Amino acid sequence: MPISRRSLLGAAGASAALAPVTAQAQAKAQTKAKAAAPASSDKVGFAVVGLGKLSLGQIIPGLKVARNARLAAVVSGHPDKARRVAAENGLPADAVYGYDDYDRIAKDPRIQVVYIVLPNSMHADHTIRAFKAGKHVLCEKPMATTIADAEAMIAAAKASDRQLMIAYRCHYEPQNLGVMRRLRAGTLGKPRLVNTTMGRQADPADPSDAWRLDGPMSGGGALADMGVYGVNAARYLLNEEPVAVRAWGHTDPADPRFRTTPDLIDWQFRFPSGALANGSTSFNYAPTMAFEVICEKGRLIADPGAFYGGNRLTVVQGGQAQPPTSPPENDQFAREMDWMADVVRGKAPMVSTGEEGLQDMRLMKAILDSLAQDGATVKTDWGYRRAVDPAVVVDVA
Ligand code: NDP
């Protein structure tokens, strides 16, 4: 899954960046990249912290197919599981750590990047400890459960002169990148309205959902877990930052799932260009990770728009819906980790910065503040601007 760096290549102009990539060209590029893949020992070593659903189902498999990243260690509270996962992945016994002896990674040169895949309330502490150990950090979304923790993570990265990346996989996913580029090219006219729906049914009997339904551990239930994709998408689709938000919602007081987190939230962002974005999230509606962008002359419907695979895009132009398309099969997690590996090696610019994660944290707080005031408008123009547009630097192929 080759990723080129337009900004570093310099000469790739906007028209080249926006040209559709044919399947043939992609296959050719992939073959070329496979041939050029570095030997395993040259790959950047990742320690995966927390062996839950995402680590076992996506991240460790992603590291197997990554071009520049490899699994170097695992960190877990369950030694038996950790030893099994290590053995299955060809790691030696001394590449297994627990949370108590985690700080020993400082002395382990096999590890360059620590990937934090823990419940949200544990991100800050383990990120800061990794920086103290001299490692770079890739941290799952949402980056933390409080703005203060997010700021402390950014400060720790600066103090240790290490890289902090937030795992916004959609910044590296071909369909999302294609939509961003189409919008930047303006062929459908100006984007006027974005709609995002991100949610599902949560199951309190599933330990992986139990902490998501817990206010302090998740930092906001469905909004922190799924809604954050819509908050982030509205911003990367429109390539601007909201200046105001208002939100309201509904939480059934009789539903035992929602004792400490809100359920259904619907919000609106106002952007400086005049565009608006509607977002919704819930842990009590049918699964959806979809978005739609309505422009002056057409619509882009991405449904699904943010799944791990099988995303599908329908373009409606001149009143005609074109046949839906799907991006070539790709491993978003491998693409994201390859990008981090290249950032660490100085071969790619950082895209999904800690500040990007902090911006989402602040916007989610503004949504919750508005919700608490029954839809009052909350100003959000505190001056944040994204440093690097994924549409410009991350290649589709
Ligand atoms: P899980 O609950 O499945 O796994 C979390 C793991 O963290 C556990 O298996 C456990 O691993 C470890 N852990 C340590 N302490 C605790 C604790 N007190 N309670 C629960 N787990 C603990 O969660 P996910 O893997 O689904 O999510 C992990 C992170 O990844 C979250 O931040 C989530 O938002 C993010 N995520 C991102 C996705 C994406 O598409 N980018 C998709 C899904 C999740 P061990 O037994 O090894 O100690």
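Helices here are DSSP runs of at least four residues in state H or I, and strands are runs of at least two in state E, numbered from the N terminus. With that in hand, Pro 304 can be placed in the loop between β12 (298-302) and β13 (313-317). The model you are looking at is predicted.

**The chain as a whole**

Let us start with the overall picture. The protein chain has 14 helices and 15 strands. Of its 397 residues, 54% are buried. Among contacts in the protein chain with a separation of 6 or more, 72% join residues 24 or more positions apart. The chain exposes about 16,500 Å², and carbon and sulfur atoms supply 55% of that area.

**Around the ligand**

The ligand takes up the space of the largest pocket. There are 27 residues around the ligand, and those that come nearest are Ser 76, His 78, Lys 81, Tyr 99 and Arg 169. Helices α4 (53-65) and α11 (221-238) each give at least two residues to this shell. The table lists polar contacts to oxygen atoms of the ligand.

| Residue | Part of the residue | Distance to a ligand oxygen atom |
|---|---|---|
| Leu 51 | polar backbone atom | 2.8 Å |
| Arg 169 | polar side-chain atom | 2.6 Å |
| Ser 208 | N or O atom in the side chain | 3.0 Å |

On its own the ligand would expose 890 Å², of which the protein buries 84%.

**Two buried residues**

Where does Ser 218 lie? Ser 218 belongs to helix α10, which covers residues 215-218. Ser 218 counts as buried because its relative accessibility is 1%, and the cut-off for buried is under 20%. The side chain of Ser 218 reaches the backbone oxygen of Arg 212 at 3.3 Å. Beyond its neighbours within four places in sequence, Ser 218 is in contact with several residues, including Asn 120, Pro 142, Trp 211 and Thr 261.

Val 113 is part of strand β4 (residues 113-116). With a relative accessibility of 0%, Val 113 is also classed as buried. Val 113 and His 136 are 23 residues apart along the chain, yet their C-alpha atoms are separated by 4.6 Å. His 136 is also in contact with Val 113, as are Val 44, Gly 45, Phe 46, Ala 47, Leu 138, Met 340 and Val 344, leaving aside neighbours within four places in sequence.

**Backbone details worth a look**

Most residues other than glycine have a negative phi, and most peptide bonds are trans. Some places in this model depart from that pattern.

Pro 142, one of the contacts of Ser 218, sits in the loop between β5 (136-139) and α7 (147-160). The peptide bond from Lys 141 to Pro 142 is cis, with omega near -15°. Pro 304 also follows a cis bond: from Asp 303 to Pro 304, omega is near 0°.

Which loop holds Asp 161? Asp 161 lies between α7 and β6 (164-166). Asp 161 is not a glycine, but its phi is positive, at about 55°. Is Asp 161 buried or exposed? Asp 161 counts as exposed because its relative accessibility is 63%, and exposed means over 50%.

Asn 239 has a positive phi as well, near 55°. Asn 239 is placed in the loop between α11 and β8 (244-250). With a relative accessible area of 36%, Asn 239 is partly exposed. Helix α11, which comes before this loop, is one of the helices that supply residues to the shell around the ligand.

Conventions: Residues numbered from 1 in each chain as written. Predicted model: local features only at pLDDT ≥ 70, side-chain atom pairs only at ≥ 80, totals over all residues. Heavy atoms only, no water. Buried < 20%, exposed > 50% of the residue type's maximum accessible area, 1.4 Å probe, protein only. Polar contact = N/O pair within 3.5 Å; in protein donor to acceptor, adjacent residues only side chain to side chain. Contact = heavy atoms within 4.5 Å. Near = heavy atom within 4 Å. Areas by Shrake-Rupley, 256 points an atom, 1.4 Å probe, with all protein chains shown as cover. 1 Å grid on protein atoms, 1.4 Å probe; cavity = no way out; pocket = protein on both sides within 12 Å on 5 of 7 lines; lining within 4 Å. Sits in = over half its atoms within 2 Å of the grid points.
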